[in-house]
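Open the structure in your viewer and keep the sequence panel visible. The stops below can be selected by residue number.

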Amino acid sequence: MKIFLRKIVLIGGSIWIMLIIADISATKHYRQIEQYPFSTWTDIVEGKLDSDVWFLGSSRTLVQYNPIVFDSIMGTRSYTLGCDAQHIFLQLQCCDIARQFNTKPQYIVLDLLWQSLDTSISELSRYIYMPYLYNRTIRNIVIENGISSPAYLYVPYYRFHSERNNALKYCKNKTIRGYEPKDDSWSPIDLDGLDNINYHCEPEAISLLDSFLNRCSNDSIKVIIIHSPFERRGFEKIKNHDEMLNLFRSIANRHGIPFLDYTNDPICYDTLNFYNAMHLNSHGADLFSAKLAHDLDSLGLIPARK
């Protein structure tokens, strides 16, 4: 019996060691991926943002704010923290985590849209943190958010094996300082397939945003709220869009920060600038990033350094 148990322990121990080796190898591999989300999160965790301007928001931020174009005009160094398929809770959490590992920015450009003020957590959150669980801060966040199973947390390599296909489907184009250029052209199918949108907000989401803006103010970080370009016919499908914009404006006024609305910008009326109703393609992103830079400079919100 003792011999049998010893063999079981040896076999189990050998398997566990192999799983640990596989986990270390997978962690290294995912940290070297050059596509979102892992390229951005590796820069965050390794303290490589090195920026004085952060663009923060959802997938629209991810593909619409080109830091190279912006910096070429402003003389700044910026980074795009776009959180694909993430609502306000994880967007703000992303920023808070970035601040733990990086020097704080002087400015945060916060892009809000119809989905922003929602506290739900998407499936992508399970994949984002896979290569970073060796970091205690990240591990604690995963535990606190309840976005994983015990096996995900404590069984080596399990999370990579179970989530691999789901995680890699989000890895598409290489990012440039967090920005993911989309070279796709417009298709009318994207607009025709867009159902009418009911904007809504949750009190908890507004509370989270208020708390975040207060922290930024206390830390001398200047925030500018943006509603970036949205293809005009797509925007009209937001049934209560005026109420949405008024809420964004009231939040900005309450905190004494600027709100720039690009709803009626000429960019919004040309489908050559979009790959779907909600997202600019790389051509549109270049136009918008340049326009934003000139507007922020001319309004004295972020003075150009050239």
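The tour moves from a surface patch to a buried loop residue, then to some backbone features and a helix. The model is a predicted one.

**Stop 1: the patch**

Select Trp-16, Ile-20, Ile-24 and Tyr-134. Together these residues make a nonpolar surface patch of about 420 Å². Now pick out Ile-20, which sits in helix α1, residues 2–31. Is Ile-20 partly exposed or buried? Its relative accessibility is 34%, so Ile-20 counts as partly exposed; the buried class is kept for values under 20%.

**Stop 2: Glu-180**

Go next to the loop that runs between α9 (158–168) and α10 (188–192), where Glu-180 is placed. Glu-180 is buried, because its relative accessible area is 3%, and the limit for that class is under 20%. Show side chains here: those of Glu-180 and Lys-182 are joined by a polar contact of 3.4 Å.

Which residues does Glu-180 contact, once neighbours within four places in sequence are left aside? Select Tyr-36, Leu-62, Val-63, Lys-172, Asn-173, Lys-174 and Thr-175 to see them.

**Stop 3: the cis peptide**

From that contact list, keep Tyr-36. The peptide bond between Tyr-36 and Pro-37 is cis, with omega about 5 degrees. Pro-37 belongs to the loop between α1 and α2, the latter being residues 38–45. Most peptide bonds are trans, and most residues other than glycine have a negative phi. The second part of that statement is the background for the next stop.

**Stop 4: two positive phi values**

Select Tyr-157, in the loop between α8 (150–154) and α9. Tyr-157 is not a glycine, yet its phi is positive, about 70 degrees. With a relative accessible area of 28%, Tyr-157 is partly exposed.

Then move to Ser-220, in the loop that links α11 (203–218) and β4 (222–227). Ser-220 is also not a glycine and has a positive phi, about 60 degrees. Ser-220 is exposed, because its relative accessible area is 60% and the exposed class begins over 50%.

**Stop 5: Leu-213**

Finish in helix α11 with Leu-213. Leu-213 is buried, at a relative accessible area of 5%. What does Leu-213 touch, not counting residues up to four places away in sequence? Select Val-223, Ile-251, His-255 and Ile-257.

For a last distance, pick the C-alpha atoms of Leu-213 and Ile-141: they are 21 Å apart in space, and the two residues are 72 residues apart in sequence.

Definitions and conventions
Residues are numbered from 1 along each chain as its sequence is written. This is a predicted model: local features need pLDDT of at least 70, side-chain atom pairs count only at pLDDT 80 or more; totals for chains, interfaces and linings use all residues. Side-chain values use heavy atoms; hydrogens and water are left out. Patches are made of residues with over 30% relative accessible area and no salt bridge: like charges are joined within 9 Å, nonpolar side chains (Val, Leu, Ile, Met, Phe, Trp, Tyr) within 5 Å. Accessible areas come from the Shrake-Rupley method with a 1.4 Å probe; for residues, only the protein chains shown count as cover. A salt bridge is a side-chain nitrogen of Lys or Arg within 4 Å of a carboxyl oxygen of Asp or Glu. Helices (H or I, at least four residues) and strands (E, at least two) are DSSP runs, numbered from the N terminus. Buried means under 20% relative accessible area, exposed over 50%, partly exposed in between (1.4 Å probe, protein chains only). A polar contact is a pair of N or O atoms within 3.5 Å; within protein, one must be able to donate a hydrogen and the other to accept it, and residues adjacent in sequence count only if both atoms are side-chain atoms. Contact means heavy atoms within 4.5 Å.
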